[in-house]
Amino acid sequence: MTPQIDMRDAFFDEIYEIGRSDKNVVFLTDDMDAFSLRRFKADMPGQFINVNVAEQGMINTAAGLAMCGKKVFAYGIASFVTMRCYEQIKVNIASMRLPVTIIGVGPGFSFEFDGPTHHGTQDVAIMRAIPEMTIFNLSDTSVASRAARLAYMSEGPVYVRLDKGAFPILSQEDEDFLTGFRVVKPLADINIVSTGYMTPIAVSVTEELASRSLDVGLVDLYRLKPVGDLFYESVLAVSERVVTLEESASTGGLGTIVCELLADHGRPIRVTRLASKDKQFVSYGRRSWFHGQNGIDRASVVNAILSGK
Amino acid sequence: MNRGMLTQSLGSSGITVPSIGLGTGDRFWDSDISFSEKVNLLKYGIDLGLNFIDTAEGYGHGAAEQIRDDLCAMGLPAVIVASGAGYMYSGDGPTHHAVQDVALMRTLPNMAILNPSDVASTIAFVKEGCSRRAGPTYVRIEKGVLGAIYPDGHDFSRGFSVLTSGEDVAIAATGIMVHMALEAAEKLTASGVRASVVDVYRLKPVDAQALMAELSRSRYIATLEEHSVIGGLGSIVSESAADYGRATSIKRLALPDKFAFSYGTREWLHAQDGLSSELVAKQIARWVTGK
Amino acid sequence: MRTFDNADRAAQTRFLMDKARWVRREVLEAAATAGRGHLGGTFSCTDLFVSLYYGGVLRFDPRNPRWPDRDRLLVGKGHACLALYAIFLDLGMISRKRYEEYGRDGGTLGAQLDITVPGVEYNTGSLGQVAGVAAGIALAAKMDSRQCRAFALMGDAELYEGAVWEAIAFAGEHRLDKLVCIVDRNRLSVTDVVGDDGLFKDFATKLRAFDWDYYEMDGHSFPEILGVAERLKTANKPSMVVANTVKGKGVSFMENEIRWHHAMPGPDQLLLARKELGQAN
């Protein structure tokens with residue numbers, strides 16, 4: 001797999017293989033398209049259903065299918081397929097621990113010109129609050145295709161945040177993706193913990209800092225729930241300072257996860273939480289522009305680390 | 001602002017409310033007018049002075065997106081009064097447990113979250129919501145009789161109140177759990193662990209710096225809430241500690257990240273989760289003294 | 001399970017009526033003991049439940065509640081659970097010990113249904129969901145060419161939930177002939193009358209426009225219920241069955257009275273209710 005592949009293609013190509021090998025796989029979409037999905041639709045029409053713009057109905061249908069032994073993937077836009085049908089996810093999927101994978105495309109400011117209704121900045125916080133839920137936040141094509149497989153094998157509900165675009169591979173060859181995180185740059189006294197789209201940006205931050213003689217480590221937390229003790233032991237317990245970097249809002253995402261772990265373990269280190277502001281952005285612009293507005297662009301992150309805040 | 005809306009007094013609270021309240025159960029969210037017409041209706045009503053809205057937690061989940069987009073995005077000053085916090089509907093199973101609502105509401109920009117712990121604060125917060133212009137307000141109310149904590153006319157602007165002082169452990173609590181915290185603090189003090197109780201009644205926006213300054217006066221910090229351990233007061237205090245000083249050891253006492261398929265009284269459900277004044281006092285004592 | 005042939009319709013009706021009266025008595029006692037219950041809305045659909053479980057409508061084996069080819073009943077109005085608990089007790093699916101846990105601290109029978117109870121397919125409490133979930137089951141059945149059906153029993157006020165209409169549109173489009181929605185049309189919600197002029201105006205026309213078959217019946221007449229059930233067997237579209245019912249049916253002072261949604265009878269009322277329900281046919 002080369003870094004030129006779009007993450008959606010990597011993910012949906014794996015879904016295609018899975019659907020091919022298991023007739024019980026059913027793919028639902030609420031009128032969301034993806035180029036790489038069209039092959040699935042064309043080759044396995046009996047396993048592909050467009051429920052049209054009805055998130056609640058889609059989750060309900062997914063539940064009923066899963067109750068009858070189907071392995072269901074339900075696909076929509078991150079901000080809608082979580083919040084619009086939150087209760088359906090909570091009650092009809094999670095409370096009965098059904099093996100349904102919800103795929104949300106458009107995390108963060110991926111949808112650049114569609115306004116705040118399309119900003120996926122609250123979905124992590126709300127999905128995290130649902131018991132039984134596993135959450136994957138994809139940062140490159142290797143974790144994307146692996147997450148498709150892990151989701152398929154899961155016996156419970158899964159939420160996958162799927163981005164658009166090509167991202168460089170961050171893993172080593174032997175990565176098994178079972179721990180929920182991977183060390184991208186060797187750990188140091190100061191470690192950045194980032195997730196999803198922000199991890200490639202964090203890589204360039206570490207390179208910039210290295211050129212200024214500051215070595216910082218980088219960990220990609222690609223599984224936001226559950227976050228195990230291993231993450232705490234391997235990363236937080238050995239850090240003198242942690243910088244969290246996410247595109248989600250500061251009200252309940254990665255930064256909160258790290259703060260909770262530190263609080264629960266009583267580890268009194270400095271934390272710099274970099275996230276989107278708790279603000280509705282009735283604005284339109286490129287994703288990088290939004291990052292600038294929120295102080296999570298590369299230059300701002302570098303400054304935040306250097307200033308020791 | 002009142003443009004001709006008929007008003008009346010709300011019980012004996014002294015609050016003036018419109019004579020028409022808006023119910024946001026099934027019929028509001030799923031009535032047969034279009035989405036944008038609903039929003040326009042809401043705005044029109046609010047312009048006319050309609051700012052009293054009744055809902056319950058279950059409606060909030062399904063309508064959270066609408067709340068976010070319609071109320072929050074457009075800064076409409078509406079008060080969402082939610083009954084049934086935590087395990088209040090204790091015989092009705094997890095569909096009726098409002099244990100994620102704070103986590104949800106926290107993600108909504110401009111939303112204020114108020115969790116009263118007695119009658120005086122309940123009245124004050126509904127009043128506050130009615131006059132708040134910066135955005136909507138979510139008030140988590142209780143059924144039944146809780147002991148009085150605040151006098152009428154108390155100034156709630158700070159967002160939290162120190163109810164008792166004690167330098168060994170500060171217990172930050174909210175809503176109905178403030179009462180449990182006060183009882184636990186008594187038990188702790190009697191056993192030699194000096195506990196303070198801080199009622200964090202405003203969960204958003206939180207003056208994190210001031211709150212941490214207060215909580216840090218004690219050596220240890222515990223949080224107590226009738227909400228999931230994910231996304232509520234415990235998470236808020238964890239963030240605040242990290243943001244304004246050092247991440248520190250915080251004992252987060254809350255409902256577990258699990259669906260509670262048990263039925264019983266509210267107190268019984270609490271006890272199942274290790275939450276009673278006695279169990280809380282024991283847990284905190286063990287943690288603080290290391291024995 | 002007792003079965004009847006066609007010549008024995010009268011005997012069957014008597015049997016079902018006796019059974020329904022027994023269920024209502026059990027519901028009353030369980031609610032009175034626990035001090036909680038939704039009597040009005042449970043009594044309005046008792047005859048529907050009895051038809052499903054004792055009238056041979058639901059393909060179901062009480063000794064094997066998870067039999068893969070069973071018909072599934074998803075109850076939307078889960079607050080009517082006491083009727084089902086009584087039926088499950090009678091069919092031997094739950095023990096008397098478990099049955100008596102209703103209303104007790106730590107009891108495993110709640111005021112809503114959950115899937116730990118044999119025979120319960122869905123965790124109830126959130127209205128407006130079962131139509132969609134049942135549609136998913138009917139879809140799976142269609143995909144796999146199975147004969148099992150999905151029944152969703154809902155209250156009439158529940159039909160106001162938008163998710164129900166997403167399911168209605170979806171099921172009609174996908175011709176989910178294994179889906180049967182039954183509406184307990186008792187014309188009362190918790191606070192109001194559910195009249196014939198709003199959502200339910202021209203209801204048959206509305207449903208047929210969505211490519212559903214539509215049936216209407218007296219929800220307290222076993223011959224009528226079983227007659228409709230017979231016609232459902234040859235459905236080639238999803239079916240909407242509106243059962244005209246009376247909230248509180250079976251206890252004279254509760255019938256059509258809105259307060260009996262969740263009111264509990266006082267001692268005199270309890271005596272009277274017992275008397276009325278104790279009368280043998």
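Helices (H or I, at least four residues) and strands (E, at least two) are taken here as DSSP runs, numbered from the N terminus. With that in hand, I counted 10 helices and 13 strands in chain B. I note at the outset that the model is predicted.

**Entry 1. Chain B as a whole**

I looked up the burial of chain B and found that buried residues make up 55% of its 291 residues. I then turned to its contacts with a separation of 6 or more, and residues 24 or more positions apart account for 78% of them. I also recorded the division of chain B into domain 1, residues 7-141, and domain 2, residues 161-289.

**Entry 2. Strand 7 of chain B**

I began in domain 1 with strand 7 of chain B, which covers residues 137-141 and is mostly covered, with 4 of its 5 residues buried. I asked which strands it pairs with. Strand 5 of chain B, residues 79-83, runs parallel to strand 7 and is joined to it by 5 bridges. Within this pairing, I found B:Tyr138 of strand 7 to be the bridge partner of B:Ile80. Strand 6 of chain B is likewise parallel to strand 7, with 3 bridges between the two. Here I noted B:Leu114 opposite B:Val139 in strand 7.

**Entry 3. The contact between the domains of chain B**

I next examined how the two domains of chain B meet: 23 residues of domain 1 are in contact with 27 residues of domain 2. On the domain 1 side, helix 4 (101-106) and strand 6 (112-114) of chain B are the elements that give two or more residues. By class, I recorded 12 nonpolar, 9 polar and 2 charged residues on that side.

**Entry 4. An open sheet in chain B**

I traced an open sheet of 5 strands in chain B; its order is 8-10-9-12-13 and its pairing is mixed. Which strands form the edges? They are strand 8 (161-164) and strand 13 (250-255) of chain B, each of which pairs on one side only. On average, neighbouring strands of this sheet are turned by 25° against each other, direction ignored.

I followed the edge at strand 8 of chain B, where 3 bridges lead to strand 10, residues 195-199, and the two strands run antiparallel. In that pair, B:Ser161 has B:Asp199 of strand 10 opposite it.

I then looked for a helix against the sheet. Helix 8 of chain B, residues 233-243, packs on it and touches strand 9 (169-173), strand 12 (220-228) and strand 13 of chain B. I noted that the direction of helix 8 makes about 145° with that of strand 12.

**Entry 5. Helix 7 against helix 8 in chain B**

I recall that two packed helices are described by the angle between their axes and the distance between the axes. For helix 7 (residues 208-215) and helix 8 of chain B, I recorded an angle of about 90° and axes 9 Å apart. Since angles of 65 to 115 degrees count as roughly perpendicular, helix 7 and helix 8 of chain B are therefore roughly perpendicular to each other.

I listed the residues that meet: B:Ala208, B:Leu211 and B:Met212 from helix 7, and B:Ser240, B:Ala241 and B:Asp243 from helix 8. The residues of this contact comprise 4 nonpolar, 1 polar and 1 charged.

**Entry 6. The domains of chain A**

I turned to chain A, which is divided into domain 1, residues 7-162, and domain 2, residues 181-306. I found the C-alpha centres of these domains to lie 25 Å apart. Their contact involves 23 residues of domain 1 and 26 residues of domain 2. On the domain 1 side, helix 6 and strand 5 (134-137) of chain A each supply at least two residues. Strand 5 of chain A gives the most, with 4 residues. I recorded that side as 11 nonpolar, 9 polar and 3 charged residues.

**Entry 7. Chain A with its neighbours**

I looked up the contact of chain A with chain B, in which 38 residues of chain A touch 36 residues of chain B. Which element of chain A supplies the largest share of its side? Helix 10 of chain A does, with 7 residues. The classes on this side are 18 nonpolar, 9 polar and 11 charged.

Finally, I examined the contact of chain C with chain A, which takes 17 residues from chain C and 20 residues from chain A. On the chain C side, helix 5 (130-143) and helix 6 (162-173) give two or more residues. Helix 5 of chain C gives the most, with 9 residues. I noted 11 nonpolar, 5 polar and 1 charged residues on the chain C side.

Note on methods. Residues numbered from 1 in each chain as written. Chains lettered and ligands numbered in written order. Predicted model: local features only at pLDDT ≥ 70, side-chain atom pairs only at ≥ 80, totals over all residues. Pairing = 2+ DSSP bridges. Axes fitted to C-alpha atoms, helices over the stretch in contact; angles between N-to-C directions. Contact = placed C-beta atoms within 7 Å. Nonpolar A, V, L, I, M, F, W, Y, C, P; charged D, E, K, R; others polar. Parallel < 35°, antiparallel > 145°, perpendicular 65-115°, else oblique. Domains from an automatic or database assignment. Buried ≥ 20, exposed ≤ 12 C-beta atoms within 10 Å, placed from the backbone.
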